[in-house]
Amino acid sequence: MSRRRVVLGVGAISAVVLLLVFNYVPLTGLVTAFQEYDPLVGVWNSEWVGLDHFERLFQDSLFWGSLRNTLYLSFVQLVLFFPIPILLALLLNSVLSQRIRNFVQSVVYLPHFFSWVLAITIFQQMLGGAGVLNQFLRGNDIGTWDIMTNPHTFALLVTSQAIWKEAGWGIIVFLAALAAINTDLYEASAVDGAGRWRRLWHITLP
């Protein structure tokens, strides 16, 4: 057997072992959902209760409210968050100056490296009750705008925070896809009379 095959075999076996250890072995812990789990006696010696926990969960009104809020937040983020990286990538791809493009990329990437605690703190300092916005409104005798503690704006607030923090990082994938587009397609479509918007619609977006 050649050395190359040995190396490939060892690499494949290592990958399978890592997959099993870190992805599938932890799934055995799901059995605790059907037990009265006691960490002092462990998984194998805890009392088996079957579906009792699930029955109690489904009978709790707070569960259904939490589920409804989770689905609503997921829908709002899907509608508002998903298009933003695509639009930003298209805008950056249309910028001719490489220097401006690099500067904008650096600015929009930066929030990804902030912790969520820091991200929320920045929003609090800007939009909170004692934040910059409300201080400006008070200084001009205008009523304050309750954003951070208003339950009606919570979904939009969380979505805007996710967009500000993660949209720049999501641009990387779409910019890589745009860079892989054959420029001959744009040149051929321009020769055929296609304008910028038609090239965007028929070549870039697909």
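Where is Ala15 found? In helix α1. Before I go on, keep in mind that what we're looking at is a predicted model.

So, let's stay with helix α1 for a moment. Ala15 comes out as partly exposed, since its relative accessible area is 46%. If you look for Gln124, you'll have to travel: the C-alpha atoms of Ala15 and Gln124 are separated by 44 Å, and along the chain those two residues are 109 residues apart.

Helix α1 covers residues 3–24, and Val17 lies there too. Val17 has 43% relative accessibility, so we call Val17 partly exposed. Val17 also belongs to a nonpolar patch on the surface. The members of that patch include Ile13, Val16, Leu20, Phe22, Tyr24 and Leu30. Together, the patch residues have about 1,200 Å² of accessible area.

Okay, next stop: charge on the surface. Which residues form the negative surface patch? They are Glu36, Asp38, Glu47, Asp52 and Glu55. Let's pick two of those. Glu36 sits in strand β1, which runs over residues 35–36, and Glu36 is partly exposed at a relative accessible area of 42%. Asp52, on the other hand, is in helix α2, residues 52–58. Asp52 is partly exposed as well, with 39% relative accessibility. And here's a distance to try on your screen: from the C-alpha atom of Asp52 to that of Arg68 is 22 Å, with the two residues 16 apart along the chain.

Now for the aromatic rings. How many aromatic pairs does a search of the whole structure find? The count is 8. Take Phe114 and Trp164 as one of them: their ring centres are 6.0 Å apart and their planes sit at 40°, so this pair is called tilted. To get "tilted", the angle has to be neither under 30 degrees, which would be stacked, nor over 60, which would be edge-to-face.

What does that pair tie together? Well, Phe114 lies in the loop between α5 (98–109) and α6 (116–127), while Trp164 is in helix α8 (residues 154–179), so the pair links parts that are 50 residues apart in sequence. Both rings can be seen from outside to some extent: Phe114 is partly exposed at 24% relative accessible area, and Trp164 is partly exposed at 32%. There's an aromatic cluster to find as well, made of Phe34, Trp48 and Phe54.

Let's move on to salt bridges. Side chains of opposite charge can pair when their charged atoms come close. In this structure, there's 1 salt bridge. The partners are Lys165 and Glu166, and the closest N and O atoms are 2.9 Å apart. So is Lys165 buried or exposed? Lys165 is buried, because its relative accessible area is 5% and the cut-off for buried is under 20%. Glu166 has 21% relative accessibility, so Glu166 counts as partly exposed.

Last one, back on helix α8. Ile172 is found in that helix, and Ile172 is partly exposed, at 33% relative accessibility. Look across to Tyr72 and you'll find the C-alpha atoms of Ile172 and Tyr72 separated by 27 Å. Along the chain, Ile172 and Tyr72 are 100 residues apart.

That's my tour, thanks for listening!

Conventions. Residues are numbered from 1 along each chain as its sequence is written. This is a predicted model: local features need pLDDT of at least 70, side-chain atom pairs count only at pLDDT 80 or more; totals for chains, interfaces and linings use all residues. Side-chain values use heavy atoms; hydrogens and water are left out. Patches are made of residues with over 30% relative accessible area and no salt bridge: like charges are joined within 9 Å, nonpolar side chains (Val, Leu, Ile, Met, Phe, Trp, Tyr) within 5 Å. Accessible areas come from the Shrake-Rupley method with a 1.4 Å probe; for residues, only the protein chains shown count as cover. A salt bridge is a side-chain nitrogen of Lys or Arg within 4 Å of a carboxyl oxygen of Asp or Glu. Lys and Arg count as positive and Asp and Glu as negative; His and the chain ends are not counted. The place of a charge is taken as NZ of Lys, CZ of Arg, CG of Asp or CD of Glu. Helices (H or I, at least four residues) and strands (E, at least two) are DSSP runs, numbered from the N terminus. Buried means under 20% relative accessible area, exposed over 50%, partly exposed in between (1.4 Å probe, protein chains only). Rings of Phe, Tyr and Trp (its six-membered ring) pair if their centres lie within 6.5 Å; planes under 30 degrees apart count as stacked, over 60 as edge-to-face and the rest as tilted.
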